[in-house]
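Trainee: Please take a close look at the surroundings of the ligand, and then follow them into the rest of the fold.

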Amino acid sequence: MAELRRLRDRVVDADIVELRLDSVDDPDVGSALAGRRQPVIVTCRPTWEGGGFQGSEQARRRILEQALELGADYVDIEWRAGFADLIPKHPGRIIVSTHDFDGVPDDLADRAREMRASGAAVVKIAAKARRLSDCVTLLDLSRTFGEDERFVLIAMGEIGLPTRVLSQRFGSAWTYAGEVQDIGQVSARKLLDQFRFRSIGPATDVYGLVGSPIAHSLSPAMHNVAFTAAGIDAVYLPLPAADADDFVTFARAFGMKGASVTIPYKVDIFERVQETDALVRTIGALNTIKIDGDRWIGRNTDVAGFLQPLHDRGLPLSGRRASILGAGGSARAVAVALASEGARVTVHARDEKKAEAVAALVSGSVGRLPPPAGSWDLLVNCTPVGMHPRMDQSPVPSSALARGVVYDLIYNPAVTRMMRDAAMAGADTIGGLDMLVGQAQEQFAWWTGVRPPAGVMRAAAIRRLSEFNADENHLV
Ligand code: NAP
């Protein structure tokens, strides 16, 4: 109880604090409520509803009744608990709740109808989301509630984040913040700082990153900070769609304005857009869409993002020998970018057929891996070799490095083994963070018509990277 009270009193970001009496060994309602500074919800969740309370139902009911007697602002009672007789005795103070940890139940609408009829002050429905479209199911459900009814709809799990951030859109009375990551909670600080929770309203434009996995992406941090800095009413969400159709359903239902697209959807979503430019068609993949009503337009900002640091440094490319390591998605964009500036492209990959396919895009050639020192003016790493956590690796031996420009697309770590070896060999080096920020700036400018204020995206990306690395998480 002492720990619960300490945590309760530490909360500064929330409007209301849920006291989970099922999380303590010695539940004591009087102690939980005494000296509180904010309104509270008292909850004592039984194990059969995903909570920690192992005592009898009688003992649990006694705790909840006591909380009501001692003036708790709200008491949460499970719909399945059979304590419905408490509801009419305490008008305006009971939350009736249901939690499904396996998925959205088939009887959701019927259940919601019964819960609404109970007369509870607030109906809370939480269900595990398996697809983004489960958020759409909850959005549809929200429309069945009347204006004077209070409810909270939550899709649990990482994929349910939109229901927490966009709770205004759902008409939810509040959202739940916290540190329980496996049910998809995010901290109140993150909701307020990164997702600007308090300023999200019906007019807020929704953008996001669609891909999988994307939990450690830097894009939400970069775009959200840029929206704030530019004074634009928009929010950017990580959207780990189950498949491309899942994303399309979500984007239509929420009226999304645009999205960044990453692995594995760069090709699938390309097939679903109505308009693209020549660059996207040459590369065969997009990384950005803009949605204008029913019109979906695709672009690939990796090309401009890749070139930006080279232009910033005034490095001439025309006629220069450019060697690309790897033949995946980024190698295609890099090859097209370099050829568009007149560079002579050679592709080096462990799979020769794949190297040939990339080289063919730009009438380039295929070379052996590693390319020998002196055979290139610009060497670009488009493989993941050297990425966190295997930071001691390099795609080429140090003996293959020489003077020239060495550009590593990897951005975690910011300085890779290959870049360190290259600097020792007298080369100028460029890291992947510049490209990452460059492509994000291009997206932002295309979507909003406004160039993001200088440096804010880069600073946000560096901050996020250091947070991840401090947590010893792995970037993907
Ligand atoms: P991808 O489509 O998976 O392609 C990876 C390429 O690297 C493939 O050709 C793969 O060969 C090759 N490869 C993988 N492991 C290798 C190894 N041990 N030795 C030799 N070759 C190897 O990935 P991608 O999207 O192009 O991304 C590649 C890297 O660029 C990643 O680290 C990514 O984070 C980074 N990136 C950065 C930015 C940025 O903005 N800075 C943008 C895009 C990508 P196989 O096909 O034979 O497996």
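Mentor: In this predicted model, an oxygen atom of the ligand is 3.3 Å from a polar backbone atom of Leu436. Side chains make polar contacts as well: an N or O atom in the side chain of Ser330 is 2.6 Å from a ligand oxygen, and a polar side-chain atom of Arg350 lies 2.9 Å from an oxygen atom of the ligand. The ligand taken alone exposes 930 Å², of which the protein buries 73%. Two elements, α14 (329–340) and α17 (432–448), each give two or more residues to the shell; α17 gives the most, with 3 residues. Of the 19 residues around the ligand, those that come nearest are Ala327, Ser330, Arg350, Lys354 and Leu409. By class, the shell holds 11 nonpolar, 6 polar and 2 charged residues.

From the ligand, α17 leads to the sheet. The sheet is open and mixed, with 6 strands in the order β8-β7-β9-β11-β12-β10. β8 (234–239) and β10 (275–276) stand at the edges with a single partner strand each, so one side of each has no neighbour in the sheet. Within the sheet, β11 (residues 288–292) and β12 (residues 295–299) run antiparallel and are joined by 5 bridges; Ile289 stands opposite Gly298 in β12. α17 packs on this sheet and touches β7, β8, β9, β11 and β12, its direction making about 10° with that of β11. Helix α10 (residues 219–230) lies across β7 (205–210), β8 and β9 (258–261), and runs at about 175° to β8. Thus α17 both contributes to the ligand shell and packs on the sheet.

Note on methods: Residues numbered from 1 in each chain as written. Predicted model: local features only at pLDDT ≥ 70, side-chain atom pairs only at ≥ 80, totals over all residues. Heavy atoms only, no water. Near = heavy atom within 4 Å. Polar contact = N/O pair within 3.5 Å; in protein donor to acceptor, adjacent residues only side chain to side chain. Areas by Shrake-Rupley, 256 points an atom, 1.4 Å probe, with all protein chains shown as cover. Helix = DSSP H or I, 4+ residues; strand = E, 2+ residues; numbered from the N terminus. Nonpolar A, V, L, I, M, F, W, Y, C, P; charged D, E, K, R; others polar. Pairing = 2+ DSSP bridges. Contact = heavy atoms within 4.5 Å. Axes fitted to C-alpha atoms, helices over the stretch in contact; angles between N-to-C directions.
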